[in-house]
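Reader: I should be grateful for a close look at a single part of this protein. Please take one strand, set out the surroundings of its polar and charged side chains, and then relate them to the rest of the chain.

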Amino acid sequence: MEKLFSINKWFVFFCGFFVMVWLALQTVTNQRMVEIAKLDAQNVFSWQWQDMGWGEAADITDAKVLKLTKTDAKVRIVGRQRAIAPDGQTEELVATLTFYREGKNWILGRVEFN
């Protein structure tokens with residue numbers, strides 16, 4: 001009985017290349033979710049009351065993808081929330097954002113404080 005398939009250097013090269021492309025795609029997808037989460041969190045946690053001169057500004061320092069599937073994603077964000085008032089206090093901000101997919105867009109569905 002003769003051998004129909006044998007592993008050679010081209011097959012190993014192809015498999016390695018395939019794995020590298022898959023890892024690169026996962027990295028790009030995770031980075032996209034991190035940037036979307038940072039922008040949405042900054043918009044949610046920053047507000048301003050013009051008449052009274054009050055408000056808060058959020059600076060998101062870190063974001064990490066906890067779970068990413070085809071239909072939903074969970075991202076944990078960490079940042080600082082600074083009060084725009086006479087005393088100007090600063091607080092630590094930690095929250096988990098849940099996104100749901102609608103077509104090609106990710107929609108913010110839930111915000112949970114940790």
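Author: What follows is an account of strand β3 and its charged and polar residues, and then of the helix and the remaining salt bridge. The model is predicted, and every value below is computed from it.

Strand β3 covers residues 72–83, and D72 belongs to this strand. Is D72 buried or exposed? D72 counts as buried because its relative accessible area is 15%, and the cut-off for burial is under 20%. The side chain of this buried aspartate has polar partners. The side chains of D72 and T69 are joined by a polar contact of 2.4 Å. A further polar contact, of 3.2 Å, runs from the D72 side chain to that of K67. The pair K67 and D72 also qualifies as a salt bridge, at 3.2 Å from N to O. K67 itself is partly exposed, since its relative accessible area is 38%. If neighbours within four places in sequence are set aside, the contacts of D72 are K67, F99, Y100 and W106.

The loop between β2 and β3 contains K70. With a relative accessible area of 73%, K70 is exposed, whereas D72 is buried. Outside its neighbours within four places in sequence, K70 is in contact with R101 and W106. W106 is thus listed among the contacts of K70 and also among those of D72. The C-alpha atoms of K70 and Y100 are separated by 9.0 Å, although their positions lie 30 residues apart along the chain.

Further along, strand β3 also holds Q81. Q81 is classed as buried because its relative accessibility is 14%. The side chain of Q81 reaches the backbone oxygen of F45 at 2.9 Å. Not counting residues up to four places away in sequence, Q81 touches F45, E56, A57, A58, Q89, T90, E91 and L93.

R80 takes part in a salt bridge with E92, in which the closest N and O atoms are 2.8 Å apart. This pair links distant parts of the chain, with R80 in strand β3 and E92 in strand β4, twelve residues apart. R80 is partly exposed at 35% relative accessibility, and E92 is likewise partly exposed at 47%.

The contact between Q81 and F45 leads to helix α1, which spans residues 9–45. The helix has 37 residues and reaches 54 Å from its first C-alpha to its last, close to the 54 Å expected. At the start of α1, a side-chain oxygen of N8 comes to within 3.2 Å of the backbone nitrogen of W10. F45 is one of the buried residues of α1, together with M33, V34, I36, A37 and A41. The cover over these buried residues includes β1, β2, β3, β4 and β5. Elsewhere, F14, F18, V19, M20, W22 and L23 make a nonpolar surface patch of about 680 Å²; W22 of this group is found in α1.

Across the whole structure, a search finds three salt bridges. Besides the two described above, R110 forms a salt bridge with E112, with the closest N and O atoms 3.3 Å apart. R110 is partly exposed at 38% relative accessibility, and E112 is partly exposed at 30%.

Note on methods:
Residues are numbered from 1 along each chain as its sequence is written. This is a predicted model: local features need pLDDT of at least 70, side-chain atom pairs count only at pLDDT 80 or more; totals for chains, interfaces and linings use all residues. Side-chain values use heavy atoms; hydrogens and water are left out. Patches are made of residues with over 30% relative accessible area and no salt bridge: like charges are joined within 9 Å, nonpolar side chains (Val, Leu, Ile, Met, Phe, Trp, Tyr) within 5 Å. Accessible areas come from the Shrake-Rupley method with a 1.4 Å probe; for residues, only the protein chains shown count as cover. A salt bridge is a side-chain nitrogen of Lys or Arg within 4 Å of a carboxyl oxygen of Asp or Glu. Helices (H or I, at least four residues) and strands (E, at least two) are DSSP runs, numbered from the N terminus. The expected span of a helix is 1.5 Å times one less than its number of residues. Buried means under 20% relative accessible area, exposed over 50%, partly exposed in between (1.4 Å probe, protein chains only). Contact means heavy atoms within 4.5 Å. A polar contact is a pair of N or O atoms within 3.5 Å; within protein, one must be able to donate a hydrogen and the other to accept it, and residues adjacent in sequence count only if both atoms are side-chain atoms.
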